[in-house]
Amino acid sequence: MTAPNDHPETLDIQSELNRLEELFIDSRHILRWAIVHEDDFLDQLDMVRESLPEAFRQAEDLLRQRDDMLAQAEEYA
């Protein structure tokens, strides 16, 4: 298993969701039931949850930049 990221501000959400999947896959399975280490799973979930506001802010910044570039291109044209 990979180690959790120590820098939530640079957290790659997709990687952390993959880590949640690994925690589940690496857990014990009894028939269709899985036994997952609760602390590991909850810690990973907290990391993703904490990173979402920053990810949304970055996405909004990108959209704003795109809109500015489109407006500039229209002015130029």
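The buried residues of helix α1 are covered in part by α2, which runs over residues 38-76. In this predicted model, the buried positions of α1 are Ile13, Glu16, Arg19, Leu20 and Leu23. Viewed down the axis of α1, these buried residues fall within an arc of 115 degrees, so they line one face of the helix.

The length of α1 can be checked in a simple way. Helix α1 covers residues 13-25, which is 13 residues. At 1.5 Å a residue, α1 should span 18 Å, and the C-alpha atoms at its ends are 18 Å apart, so the expected and modelled spans agree.

Next comes the packing of the two helices. The axes of α1 and α2 come within 10 Å of each other and cross at roughly 165 degrees. Angles over 145 degrees count as roughly antiparallel, and therefore α1 is roughly antiparallel to α2. The crossing of the two helices, α1 and α2, is left-handed. On the α1 side, the contact is made by Ile13, Glu16, Leu17, Arg19, Leu20 and Leu23. On the α2 side, it is made by Asp40, Phe41, Gln44, Leu45, Met47, Val48, Ser51, Leu52 and Ala55. The buried residues of α1, namely Ile13, Glu16, Arg19, Leu20 and Leu23, also appear in the α1 list for this contact.

One of the α2 contact residues, Leu52, can be followed further. Leu52 sits in helix α2. Its relative accessibility is 30%, so Leu52 counts as partly exposed, because buried means under 20% and exposed means over 50%. Leu52 lies 39 residues from Ile13 in sequence, while their C-alpha atoms are 7.7 Å apart in space. Ile13 is itself among the buried residues of α1.

The whole chain can now be put around this helix pair. The protein has 2 helices and 2 strands, and from the N terminus on its elements run in the order α-β-β-α. Of the 77 residues of the protein, 14% count as buried. Among contacts between residues at least 6 apart in sequence, 52% join residues at least 24 apart.

Key: Residues numbered from 1 in each chain as written. Predicted model: local features only at pLDDT ≥ 70, side-chain atom pairs only at ≥ 80, totals over all residues. Heavy atoms only, no water. Helix = DSSP H or I, 4+ residues; strand = E, 2+ residues; numbered from the N terminus. Expected span 1.5 Å × (residues − 1). Buried < 20%, exposed > 50% of the residue type's maximum accessible area, 1.4 Å probe, protein only. Arc of directions from axis to C-beta. Contact = heavy atoms within 4.5 Å. Axes fitted to C-alpha atoms, helices over the stretch in contact; angles between N-to-C directions. Parallel < 35°, antiparallel > 145°, perpendicular 65-115°, else oblique. Left-handed = near helix turned anticlockwise from the far one by under 90°.
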